[in-house]
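Please look over the chain shown here. A short report on its sheets, core and one acidic residue accompanies it.

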Amino acid sequence: GSGILGTTNAQTLTLGGATTGNIFLSPTGSNKIGIGFNTSPLAALDVRSSFGTTPIASFSGTSSFAGLLVDNSGLGDIITASMSGAPRFAVTNNGSLQFTGGSGILQTLYSDADDPKSYRFPDFTGVTAMLCLDTGNCAGAGGVVGGAGTLNYVSKFTATGSLIGNSSIYDDGNIGIGTAAPIGNFNLVGNRAGQALAVLDYTGTDQDILAASSSGVTQFTLGNTGNIGFTGGTSYLNTLTSDATAARTYTFPDATGDVCLTTGNCAGAGGGIVGSGTDNRIARFSATQTIEDGSINDLYASGVALTISDLGRIGINSTLPIGTLDVRSNVNYVPVASFSGSTLVATLLADNSGSGDIFTASSSGQTRFTLQNTGNILFYGNQTSAITLTSAAVSPQTITFPNSTGTICLQGSVDCGFAIGANYLQLNSNLLSPTNSTYDFAIGGTSTASAKFAFVNVAGGTPTATISANSGNIATYISGSGNL
């Protein structure tokens, strides 16, 4: 009448024996079963424990099938685990994993894979931490089951307290809750809209929420902080934890490969960089995508020495290069640039296919020398106006400067040491003579009559030398024929 099935004197209560068939508890799945408390159950199966050093539930067996099957055909999560009512871990009905990772906030792991993939966590150097899993609440609701019992269902008292009816537990050698055809030693099936199918709520502080093992060897744990521990095919429990301060979603790619860690197990993009090198050498990727020494040595420790701008310009000691290559000196006792080599071609090649000058040199921004794209040379010679050197040659010519210090004279220049105009004299073997051998020669005048001395008739006739010129009776002359 009280609805209690029990024994006296603390004797063991056994359901079924060697000849007992299946035991059914709630064969219709519409009532709730509570274990470990005497208040109203919150789910189809509500298991609670006040023992601080033993698991809330334990499933052990030797089977070629899964140790635990959970099948939720409703919209709720398949599994939810919590700590003192706070969700720590959940397996959603789409297969995603949720865990708090010690943050108190559910994180979600899901996959975009369209066929089976293997995700392998590598070994790494570090300390062991608690396993971190997300959990969700499992709240079940159901009604009272009445009527006669059904084979293999575990019986329970009905609401009247005097009748026995089916519980939601089915036992045919395998235990089923919410199913009369359990698969595996334990099979939980239900449809709780908006609620997790199972709730594991650990109220202690020093044990895991859930531990799964194979032949007594722990393979998976849900820590009471939400950490996840799993062996992943190794002999060690690996820990997943989180530093998140808000809900995050981690998506595994549709690919098989190693998970990259900051400890450097991955080479190249997507993880830590591995490799080794020499101090101050610029690193580069090798053919195997590891890091090795490059050919650039960087010993500069006083700021930025080389800049590549967003326009592709390179600046050396210039963070805002104004040319494709902009080189500036930051000290005044070394050259701005030095080119040295032993080569059969030019040391420096400058080729401008545009309309600009080939080369321009300046001092404090003032142009001092220019090589134009026509080949003309402009220089200033300590002046403010440029001197242009050009050529009228139609074939290769060579101009040689003498081994002497002096001023270069131009034809018609008043600054030279000869009269303005053409130079009509030449010096050969200490003999001064006209550059044109047919010219007459006069001194003291510009004509034969006015000259003080003259040598005339050079181009033709009888050559004659005159003194006081050839002017009437005052003239004195000697002809080439011997006349005086």
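The report below takes the sheet, the core, a buried acid and a hairpin in turn.

## Basis

This is a predicted model, in which local features need pLDDT of at least 70, side-chain atom pairs count only at pLDDT 80 or more, and totals for chains, interfaces and linings use all residues. Residues are numbered from 1 along each chain as its sequence is written, and side-chain values use heavy atoms, leaving out hydrogens and water.

## Open sheet

Four strands (DSSP E runs of at least two residues, numbered from the N terminus) form an open antiparallel sheet in the order 15-16-17-18. Strand 15 (210–214) and strand 18 (238–240) are the edges; each has a single partner strand, so one side of each lacks a neighbour in the sheet. The twist from one strand to the next averages 20 degrees, with axes fitted to C-alpha atoms and angles run from 0 to 180 degrees between N-to-C directions.

Strand 16 (residues 217–222) pairs with strand 17 over three bridges, antiparallel; pairing takes at least two DSSP bridges. F220 stands opposite F230 in strand 17.

## Nonpolar core

The largest nonpolar core (buried Ala, Val, Leu, Ile, Met, Phe, Trp, Tyr and Cys joined through side-chain atoms within 4.5 Å) has 28 residues. F89, I177 and I228 have the most contacts inside it. Elements giving two or more residues include strand 6 (86–91) and strand 17 (228–230).

## Buried acid

D171 lies in strand 11 (residues 164–171). D171 is buried (under 20% relative accessible area, 1.4 Å probe, protein chains only) without a salt bridge (Lys or Arg side-chain nitrogen within 4 Å of an Asp or Glu carboxyl oxygen). The nearest side chain of opposite charge, K156, is 16 Å away.

## Hairpin

Strand 21 (residues 281–285) and strand 22 (residues 291–297) pair antiparallel over four bridges. A283 has D293 as its bridge partner. Five residues separate the strands, and Q289 takes a positive phi near 70 degrees.

Note on methods:
Buried means under 20% relative accessible area, exposed over 50%, partly exposed in between (1.4 Å probe, protein chains only). Lys and Arg count as positive and Asp and Glu as negative; His and the chain ends are not counted.
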